[in-house]
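Here's a quick briefing on a ligand site and a helix pair. Have a look at the structure first, then read on.

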Amino acid sequence: MSDLIQLLPDAVANQIAAGEVIQRPASAVKELLENAVDAGSTRIEVHIKDSGKTLIQITDNGCGMSTTDARLCFARHATSKIRSAADIFSIRTKGFRGEALASIAAIAQVELRTRQTGEETGTAIWIEGNEISRQEPVSCPEGTSIFIRNLFYNVPARRNFLKSNPVEARHIIDEFERVALAHPEIAMSLHQNGLEIFKLSSSNLRQRIVSVYGSHYNERLVPVHEETSLLSITGFVGKPEFSKKSRGEQFFFVNRRFIKDGYLHHAVTNAFEDLLPRDSYSSYWLYIDIDPAKIDVNIHPTKTEIKFEDERSVYAIVRAAVKRSLGQYSVSPALDFEQEKSFDLPHTMRYQPAQQPMVTVNTDYNPFQSTGSKKLATQGWEKMYESLANTALPPFTPEVQQMDIDAFNKEKATIIFQDAASFFQIGQEFIVSSIQENLLIVHQQAAHERILFEEFMNRYENARSPSQQQLFPQTLEFTAADFELMKELESEIRGLGFDISEFGGKSFVLNGAPPEIATGEEKEAIESLLEQYKSGSGITGLSRREMMARAAAKSMAIRKNRKLSDQEMKILVQDLLKCDKSGVGLNGKPCMVLLTADELRDRFR
Ligand code: ADP
Ligand code: MG
């Protein structure tokens, strides 16, 4: 019998290994960014063409490599970061497996230009199919530039498997953001097809989060800080009232490495328990620093999962730290912890004066004790029942509300109001009035959302979008992600009454805005519109127009804690009664309650 086993040639072995490590252009970006960070860089630039399919170029100002190292770094298991397996348990670098560059070189055309700190000349090396095809001394800046061309050029199956450019670009942006958030002190930029997507200067963590997500994030962050003998944890959680319908901005970093950990995620979610509305998710950026001996980073080829020696303690500490921060915040939201004032942009709208913190102050709140109380989460209409409803009476259901209201002739209701009716505002949140013999209580925010929603849907249906022309057109700059969204939603946004058109770079020019928007607040209005749209994108079964009308209504509606004049209350209630679904708010709950004289009488029996 003949022997059958052969050792695979390096090129083949590397190609197979690449399958695990480099799944898509974004994985190459991640590995190269990590190498740049490990090299001690203070500035990293990334250039991408065709979502990384044609070119990924990463330039750093780190320690660089000697000529020998520049050749050796592409060999399998070539690393400067560990010497023995035991070193893995004291590791603070991102890399240690020594397989990223070998994997990339097996499936792409690679050019490396590097100069070690203090050396006169640098080295340039070209590699294709794992073979060094050319090498020469060059003059180049200190640090390393690496060019990855035509990724998967020799693995057509993988190339064909790649998703569309926007999807692959999104993955790259995700990886870039993870490194950017892990290392706010490093200046980082990302360009795609020559267009700048990110330009982040060296900063502290709060500034970095704000420059990645936009200035409106500044007011959303609650700091977390806890030191224990096992670990320290710092970072931010999003204020509960800014929770989102979709998951997304949820980040754990352990010793500056982004990791995915369902168990720790649960610890955070658990700490939020009563504070979040159902089906909504809070944002968090949490940084754990722990002795590397207490974790195992080598359990996953892409190094995004780790194992804690004492998982339960880590869970308990994370949960307690987040709870404590939220507790402090909810007791004294006014303190607002060290907000970066320089980012404070006004976020006001016409009906929306100085934004008040929306979390109710609850001085009894003990973060370490779960009382099962829903106090903090109770907002809006439910509260009405606490004061109004005597337990003996059945609560009103939305269906009943709608029927009662429909029973009124809407025209007639209008006339009744014009004649007499007084309006009172209760707690700067509800409007109380009477219709004939009935007591009417309106939830001002929910009602205004309903009114605006129907108004915007009308504009879409009648292709009538009133727009107040501006004296001076404004240019609006967007982040990369928001610019894409703007292009996608351009016609829906125009339909609301925004006179916008695409401009150069990542900007739109604004010539007019709907009459609901006060002059000077157009930019904030569009930003908050996009935010609302994104946070509503988890809702299924709605058309894009409905989604947009909802987002616009939610972002422009008056909130609670806003004093209304008699005239404003009257108009609001009148407009509400003219709505098709005047009784129901956009969340499906009542936006007004009607108590008939009989029901009132019942309460006095
Ligand atoms: P690992 O990061 O796991 O060590 P890699 O294949 O990613 O493995 O890199 C191999 C080696 O090449 C690194 O250990 C490092 O010494 C060197 N290297 C890679 N990229 C850079 C860079 N940008 N600057 C300096 N040295 C680098
Ligand atoms: Mg590496």
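A polar contact here is a pair of N or O atoms within 3.5 Å. Keep that cut-off in mind for the ligand distances below. One caveat up front: this is a predicted model.

**Ligand 1: polar contacts**
- With an oxygen atom of ligand 1 at 2.6 Å from an N or O atom in its side chain, Thr79 makes a polar contact, because that pair falls within 3.5 Å.
- Ser80 also reaches an oxygen atom of ligand 1, with a polar side-chain atom 2.5 Å away.
- Gly98 uses its backbone instead: an N or O atom there lies 2.8 Å from an oxygen atom of ligand 1.

**Ligand 1: cover and surroundings**
- On its own, ligand 1 has 530 Å² of accessible area, and the protein covers 91% of that.
- There are 18 residues around ligand 1, and the ones that come nearest are Asn35, Thr79, Ser80, Lys81 and Gly98.
- Sorted by class, that shell is a mix of 7 nonpolar, 7 polar and 4 charged residues.

**Helices H1 and H4**
- H1 (residues 10-21) packs with H4 (residues 100-107) at an angle of about 110°, and their axes are 8 Å apart.
- So H1 is roughly perpendicular to H4.
- H1 brings Ala11, Asn14, Gln15, Ala17, Ala18 and Val21 to the contact, while H4 brings Ala102, Ser103, Ala106 and Ile107.
- In class terms, the contact of H1 with H4 counts 7 nonpolar and 3 polar residues, with no charged ones.

Terms used: Residues are numbered from 1 along each chain as its sequence is written. Chains are lettered from A and ligands numbered from 1 in the order in which they are written. This is a predicted model: local features need pLDDT of at least 70, side-chain atom pairs count only at pLDDT 80 or more; totals for chains, interfaces and linings use all residues. Side-chain values use heavy atoms; hydrogens and water are left out. Axes are lines fitted to C-alpha atoms, for helices over the stretch in contact, and angles run from 0 to 180 degrees between N-to-C directions. Helices (H or I, at least four residues) and strands (E, at least two) are DSSP runs, numbered from the N terminus. Angles under 35 degrees count as roughly parallel, over 145 as roughly antiparallel, 65 to 115 as roughly perpendicular and the rest as oblique. Contact means heavy atoms within 4.5 Å. Ala, Val, Leu, Ile, Met, Phe, Trp, Tyr, Cys and Pro count as nonpolar, Asp, Glu, Lys and Arg as charged, and the others, Gly among them, as polar. A residue is near a molecule or strand if one of its heavy atoms lies within 4 Å of it. A polar contact is a pair of N or O atoms within 3.5 Å; within protein, one must be able to donate a hydrogen and the other to accept it, and residues adjacent in sequence count only if both atoms are side-chain atoms. Accessible areas come from the Shrake-Rupley method with a 1.4 Å probe; for residues, only the protein chains shown count as cover.
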